Amino acid sequence: MKFRISALATAAALTALPGFAQDLVLSIGSRGYGPAVERNIERYTAKNPDVSIEWNKVSDVPGETRKLYVTGLTAKSPTPDIYAVDVIWAGEFAQRGWLEPLNGLLDEDTIDAFNPSLLAASSVDGEVHALPLYADGIHFFYRSDLLEKYGLDVPQTWEEVVSASQTIIEGEGNPQLYGFVSMWAKIEGLFMNWLAFTNGNGGGFYDADGNVAVNSPANIQATQFMVDLLHEHRLTPDSILNARPDDARTLFQQGRAAFLMVQDFVHAPLSADNSPVAGKFDFTRVPYFEGNEDANSTTMGGWFLGINPNSENREAAADFLNFFTAEEQQLTAAVEDNRAPTIPSVYENEAMGSNEVLAKFGANYEFGVVRPSAGTGASYPRVSEIMQLEITNALHKQKTVEEALSDAQEQLDALLAE
């Protein structure tokens, strides 16, 4: 058994190291998947003693890692054989021919076991180009103590969120208390928010035929609701327009909001012993609008593992990839490392009972939607920028919602026609 770790941080990391006999090189950061990486390598090489795996510990800063990959892949370097990609890179890398299609390397049952919403992020032209390794996403946090105080059920719809917020704010009589906080600064998180609201209204980035339709009636209505939360209902602070995830989390943690919608990482600080809301909050799936109970409104993220098409060991890489992302390894990572599985059946395992929070996250991922990076490919960064700007214009009332989304549609049509 051979198992080596390197911590190269330059483009040389994507080139086979002379003088070292090696079969496979895996590139993934040390923080994202934590101790699961070393554990999985040791398990695999114990079963396959003729295989050596070199773990190339790339940067955990996504932008740095992306530059590293692009340099090596453009040069058609044969290493790494397997590498980790952000959910929003997968579509672009697949379109550029930087990820090997997996349908011919793995059986369809193996691929179909994964969360279908996540698989969509790496699917181009009907082929899956990377397997989701672990997930994260937006969730809806609420003050359970306040709901209980006022005899309110956990809101399932956005209409119920407004009603519950108004009841709590009126009852508390605290001018520093708001109904809802989230990340509405002009950042990627704002686009994720918009996707949650619009998909929760039966809309979304694409229409039923797969065409970009950001100015659809359903999207206009959902975006207007976002505007009204701020300007008509006055249920959010003005600072929401500059709020990033941790800003929103801080307000909620200080007891200044009844509801919070951000990514799942906030659960740990909210639950800490010194947190003012510890034991006073819970979370549920992202709300939907009335009549859209089955809407996929949980905007998801995560990291994937794919195979370098220039690898000289693609079949061996596929076998390792299959093992690394398999149900057994995902279950261990969930129970021991608190990493959210991407295979839905893992959440049904009785061993998940030891991590009720992660199991609840998994239930929300059943209603997942991913950003439109697979379909827009290399244009996705610009797509997100356009959407962030026009949603911001609407929230600031610099444009009407219809004007903002129509302007976005026009820009997207021109961009994606190139």
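The paragraphs below lead through a predicted model, taking up its aromatic pairs, some local backbone features, a few individual residues and its two largest pockets in turn.

The aromatic side chains make a convenient place to begin, with a count of 30 aromatic pairs in the model. One of them joins Phe-225 and Phe-289, whose ring centres lie 5.0 Å apart with their planes at 90°, so this pair is classed as edge-to-face. Phe-225 belongs to helix H9, which spans residues 217–231, while Phe-289 sits in the loop between strand S10 (281–284) and strand S11 (298–307), so the pair ties together parts of the chain that are 64 residues apart in sequence. Both partners fall under the 20% limit for burial: Phe-225 is buried because its relative accessible area is 12%, and Phe-289 is buried because its value is 5%. The two rings also take part in a cluster linked by ring pairs, which includes Phe-140, Trp-158, Phe-180, Trp-184, Phe-197 and Phe-259 along with Phe-225 and Phe-289.

Aromatic rings are also met by charged groups. The charged end of Lys-57 is placed over the ring of Trp-55, at 4.6 Å from the ring centre, and the charged end of Arg-285 sits over the ring of Phe-367, 3.7 Å from its centre.

Arg-285 and Phe-367 lead on to Ser-297, since both are among the residues that Ser-297 touches beyond four places away in sequence. Ser-297 lies in the loop between S10 and S11, and at 0% relative accessibility Ser-297 counts as buried. The other contacts of Ser-297, again leaving out residues up to four places away in sequence, are Ala-196, Asn-199, Gly-200, Val-286 and Pro-287.

The backbone deserves attention at several points, two of which fall in one loop. Thr-79 and Pro-80 are joined by a cis peptide bond, with omega at about 5°, and Pro-80 is found in the loop between helix H2 (62–74) and strand S4 (82–86). Lys-76, which also lies in the loop between H2 and S4, has a positive phi of about 60° although it is not a glycine; with a relative accessibility of 59%, Lys-76 counts as exposed. A positive phi, near 60°, is found as well in Asn-338, another residue other than glycine. Asn-338 lies in the loop between helix H13 (327–337) and helix H14 (356–365), and its relative accessible area of 47% makes Asn-338 partly exposed.

On the other side of S4 in the sequence is Trp-89, placed in the loop between S4 and helix H3 (90–95). Trp-89 is buried, with a relative accessible area of 5%, and its contacts, not counting residues up to four places away in sequence, are Pro-62, Thr-65, Arg-66, Tyr-69, Ala-84 and Trp-303. The C-alpha atoms of Trp-89 and Pro-101, twelve residues apart along the chain, are separated by 15 Å.

Trp-303, one of the contacts of Trp-89, opens the way to the largest pocket, which has a volume of about 1,200 Å³. Of the 46 residues that line this pocket, Trp-303 is among the closest to its centre, together with Asp-86, Tyr-134, Asp-136 and Gly-302. Which elements supply at least two residues each to the lining of the largest pocket? They are H2, S4, strand S7 (130–143), helix H8 (188–199), helix H11 (267–271), S11, H14 and H16, and the largest share, five residues, comes from H16. Divided by character, the lining of the largest pocket holds 23 nonpolar, eleven polar and twelve charged residues.

Helix H16 covers residues 380–395 and includes Asn-393. Asn-393 is buried, with a relative accessible area of 10%, and, leaving aside residues up to four places away in sequence, Asn-393 touches Gln-398 and Lys-399.

The second largest pocket encloses about 260 Å³ of space. It is lined by 18 residues, of which Tyr-206, Val-369, Val-370, Arg-371 and Pro-372 are the closest to its centre. Helix H5 (116–120), H8, strand S12 (368–370) and helix H15 (373–376) each supply at least two residues of this lining, and H8 also supplies at least two residues to the lining of the largest pocket. The lining of the second largest pocket divides into eight nonpolar residues, nine polar and one charged.

Note on methods. Residues are numbered from 1 along each chain as its sequence is written. This is a predicted model: local features need pLDDT of at least 70, side-chain atom pairs count only at pLDDT 80 or more; totals for chains, interfaces and linings use all residues. Side-chain values use heavy atoms; hydrogens and water are left out. Rings of Phe, Tyr and Trp (its six-membered ring) pair if their centres lie within 6.5 Å; planes under 30 degrees apart count as stacked, over 60 as edge-to-face and the rest as tilted. Helices (H or I, at least four residues) and strands (E, at least two) are DSSP runs, numbered from the N terminus. Buried means under 20% relative accessible area, exposed over 50%, partly exposed in between (1.4 Å probe, protein chains only). A charge sits over a ring if NZ of Lys or CZ of Arg is within 6 Å of the ring centre and within 35 degrees of the ring normal. Contact means heavy atoms within 4.5 Å. On a 1 Å grid over the protein atoms alone, a cavity is a set of points where a 1.4 Å probe fits but cannot get out, and a pocket is an open set with protein on both sides within 12 Å along at least five of seven lines; lining residues have an atom within 4 Å of a point. Grid points are joined across faces, edges and corners, and a volume is the space filled by probe spheres set on the points. Ala, Val, Leu, Ile, Met, Phe, Trp, Tyr, Cys and Pro count as nonpolar, Asp, Glu, Lys and Arg as charged, and the others, Gly among them, as polar.
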